[in-house]
Amino acid sequence: MMHRFPIRVYYEDTDMAGIVYYANYLRYIERARSDWVRDIGIDQNAMREDGLVFAVRRVEADYLSSARFDEELQVETSVQQVTGARLVMEQVVKRGEQRLFEALVTIVCVSDTGQPARLPANIRRLVH
């Protein structure tokens, strides 16, 4: 299951050379994950009310090429692994077919006290 999320590079996303500042790729993939979660029917507000939230545990990132001001990009998100405790996702930022940025992101759940928690069974079913 591949989720695609469009991104437009705004001036505020770039450095003085008009190139996307490296940390903004993390913002792009975060937005794409939030959109993906909403699209598959997970209500993060309800999760929070139940005392659980998603948290990024690990990010492995590779910067392959530069994006520039006003370009249209796309973030592709796919699930690589689901266990009782974590969700591993691949996210790729592309310009057309060219890969600009790749990340392997590990997501976990934590309780409202900050303690690790299992991924709820209904969420594991939705992402399989």
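## Tyr25, tucked into helix 1

Tyr25 counts as buried, with a relative accessibility of just 2%; the cut-off for that label is under 20%. Keep in mind that this is a predicted model. Tyr25 has company in helix 1, where the buried residues also include Asn24, Tyr28, Ile29, Ala32, Arg33, Asp35, Trp36 and Val37.

As for the helix itself, helix 1 covers residues 24–39, 16 residues in total. At 1.5 Å a residue that should give a span of 22 Å, and the C-alpha atoms at its ends sit 23 Å apart, so the two values agree. After helix 1 comes Gly41, which has a positive phi, near 100 degrees.

## Aromatic pairs around Tyr63

Searching the whole structure turns up seven aromatic pairs. One of them joins Tyr22 and Tyr63, edge-to-face, with 6.2 Å from centre to centre and 75 degrees between the planes. Tyr22 sits in the loop between strand 1 (2–8) and helix 1, while Tyr63 belongs to strand 2 (residues 52–63), so this pair ties together parts of the chain that are 41 residues apart in sequence.

How exposed is Tyr63? With a relative accessibility of 39%, Tyr63 counts as partly exposed. Tyr63 also pairs with Tyr25: the ring centres are 5.8 Å apart and the planes stand at 75 degrees, so this pair is edge-to-face. Here the link runs from helix 1, home of Tyr25, to strand 2, home of Tyr63, so parts 38 residues apart in sequence are tied together.

## One aromatic cluster

Which residues make up the aromatic cluster that holds these rings? Tyr22, Tyr25 and Tyr63 are joined there by Tyr21, Tyr28 and Phe101, and the six form one cluster. Of these members, Tyr25 and Tyr28 are both on the list of buried residues in helix 1.

## Lys94, a buried lysine in strand 4

Over to strand 4, which runs through residues 86–95 and contains Lys94. Is this lysine buried or exposed? Lys94 has a relative accessible area of 9%, so it counts as buried.

What does the side chain of Lys94 meet? There is a polar contact of 3.5 Å between the side chains of Lys94 and Glu76. Leaving aside residues up to four places away in sequence, Lys94 touches Glu72, Leu73, Gln74, Glu76, Arg99 and Leu100. Glu76 therefore turns up both as the polar partner and in the list of residues that Lys94, buried at 9%, touches.

Key:
Residues numbered from 1 in each chain as written. Predicted model: local features only at pLDDT ≥ 70, side-chain atom pairs only at ≥ 80, totals over all residues. Heavy atoms only, no water. Helix = DSSP H or I, 4+ residues; strand = E, 2+ residues; numbered from the N terminus. Buried < 20%, exposed > 50% of the residue type's maximum accessible area, 1.4 Å probe, protein only. Polar contact = N/O pair within 3.5 Å; in protein donor to acceptor, adjacent residues only side chain to side chain. Contact = heavy atoms within 4.5 Å. Expected span 1.5 Å × (residues − 1). Phe/Tyr/Trp six-rings, centres within 6.5 Å; stacked < 30°, edge-to-face > 60°.
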